[in-house]
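Take a moment with the sequence and the model before reading on. Turn the model around slowly, and look for strands, openings and enclosed spaces.

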Amino acid sequence: MKSLMLIAAFAALGAAQVYNGSFLNLRAPISGMDQGDIEFTMNHRFFGAAFKNDPDESFFGLDDGANVRFGVRYNLRHDITLGASHARLGSRNTITACWTGYPADNLSVVLEGGWSTMKPTGSSDRENGVLATAAVSLFFLQDKLQPVFNYAIDDNRDLSGVGMGLSFQAAERLALFGAFYPADNEEAEHDCFEFGVRQNTWGHQFLLGFTNSSGIGIYDQFQGSNTQDLSFALSIRRLF
């Protein structure tokens, strides 16, 4: 009996520690984070088209440079997270506070607010502004299927809009995801999109996908894109 209880305790501990749930740009609840945990994130959006040119010329677009963002988040409580990040494009620095709640077993709500400072393209002066995101996630098929809806406001660029995505847990540690972002920019020729795979462990999430946007995070997606060429996107999340 004691052995069975011990096995059950370890199984419950393993389930509680599953670290999962992220998208390339959408805001979604991240499971497996406890009070006091620290999460480090590194994101790359490569500029070159992955399949447009001869792979020998730019190695699937990886040699053409990339937008990079580094971020850190601290779980102040089980439902409150504080974050900070820096992105290369626009030299954008951001601080955020986020609340995550579960009003129902198959429903999650994420509310995030923050402050951002950046240098607009062609300007040497920094501009400041408020950021805000409301995210709703649903869970179906024993939490394997997760539709996500975001509404976000970017005061820096005077942009706002929605992001819609879907994640499917195809295997124990492997998920497929995709997302779409209608542009809020009259100069943009195309809306932004992403799709890819996510591999999770108890302490890492690895996301590899394709996108037509060089921006990182939902706020950058509202600028739209002037191409539909696919470029590689990489995100790594590490939990401490």
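**Pockets, barrel and core**

Start with the second largest pocket. It has 20 lining residues, and those nearest its centre are Val18, Asn20, Ser31, Asp143 and Gln169. Keep in mind that this is a predicted model. Which elements give two or more residues to the lining of this second largest pocket? They are strand S7 (145-154), strand S8 (159-169) and strand S10 (192-200). The volume of the second largest pocket is about 490 Å³. Its lining is mixed: 7 residues are nonpolar, 7 are polar and 6 are charged.

Now go to the largest pocket. Its volume is about 570 Å³. The lining has 24 residues, and Leu89, Ser214, Gly215, Gln223 and Gly224 are the closest to the centre. Sort this lining by class and you get 13 polar residues, 6 nonpolar ones and 5 charged ones.

Next, step back to the strands. Strands of a sheet pair through backbone hydrogen bonds, and the pairing is either parallel or antiparallel. How many strands make up the closed barrel here? There are 12, and they run in the order S1-S2-S3-S4-S5-S6-S7-S8-S9-S10-S11-S12. The pairing is antiparallel. On average, neighbouring strands are turned by 20° against each other, with direction ignored.

Follow a few of these pairs. Strand S1 covers residues 38-46 and strand S2 covers residues 66-75. They are joined in the antiparallel sense over 9 bridges. For a landmark, find His44, which stands opposite Val68 in S2.

Further along the barrel comes strand S5, residues 107-118. It pairs with S6 over 12 bridges, again in the antiparallel sense. Here Ser108 has Ser137 in S6 as its bridge partner. S6 also pairs with S7, and this antiparallel pair has 7 bridges. Look for Val136 opposite Phe149 in S7.

How do you get from S6 to S7? The two strands form a hairpin, with 6 residues between them. Pause at Leu141 in the turn, where phi is positive, at about 55°.

Now look for enclosed space. Rolling a probe the size of a water molecule over the atoms shows where empty space is left. How many cavities of 30 Å³ or more does the count give? The count comes to 1. The largest cavity has a volume of about 580 Å³. It is lined by 34 residues. Nearest its centre lie Arg27, Arg69, Ser85, Glu112 and Gly217.

Many elements contribute at least two residues each to this cavity lining. Among them are S1, S2, strand S3 (80-87) and strand S4 (92-104). Strand S6 (127-138), helix H3 and strand S12 (231-239) do so too. By class, the lining of the largest cavity has 14 nonpolar, 12 polar and 8 charged residues.

Finish with the largest nonpolar core. It has 17 residues. Which of them touch the most other members? They are Phe23, Leu26, Tyr181 and Ile218. At least two core residues come from each of S7, strand S9 (174-181) and helix H3 (218-221). S9 gives the largest share, with 3 residues.

Some elements turn up in several places. S7 pairs with S6 in the barrel, helps line the second largest pocket and supplies residues to the core. Helix H3 contributes to the core and to the lining of the largest cavity.

Technical notes: Residues are numbered from 1 along each chain as its sequence is written. This is a predicted model: local features need pLDDT of at least 70, side-chain atom pairs count only at pLDDT 80 or more; totals for chains, interfaces and linings use all residues. Side-chain values use heavy atoms; hydrogens and water are left out. Two strands pair if DSSP finds at least two bridges between them. Helices (H or I, at least four residues) and strands (E, at least two) are DSSP runs, numbered from the N terminus. Axes are lines fitted to C-alpha atoms, for helices over the stretch in contact, and angles run from 0 to 180 degrees between N-to-C directions. On a 1 Å grid over the protein atoms alone, a cavity is a set of points where a 1.4 Å probe fits but cannot get out, and a pocket is an open set with protein on both sides within 12 Å along at least five of seven lines; lining residues have an atom within 4 Å of a point. Grid points are joined across faces, edges and corners, and a volume is the space filled by probe spheres set on the points. Ala, Val, Leu, Ile, Met, Phe, Trp, Tyr, Cys and Pro count as nonpolar, Asp, Glu, Lys and Arg as charged, and the others, Gly among them, as polar. A nonpolar core is a set of buried Ala, Val, Leu, Ile, Met, Phe, Trp, Tyr and Cys residues joined through side-chain atoms within 4.5 Å. Buried means under 20% relative accessible area, exposed over 50%, partly exposed in between (1.4 Å probe, protein chains only).
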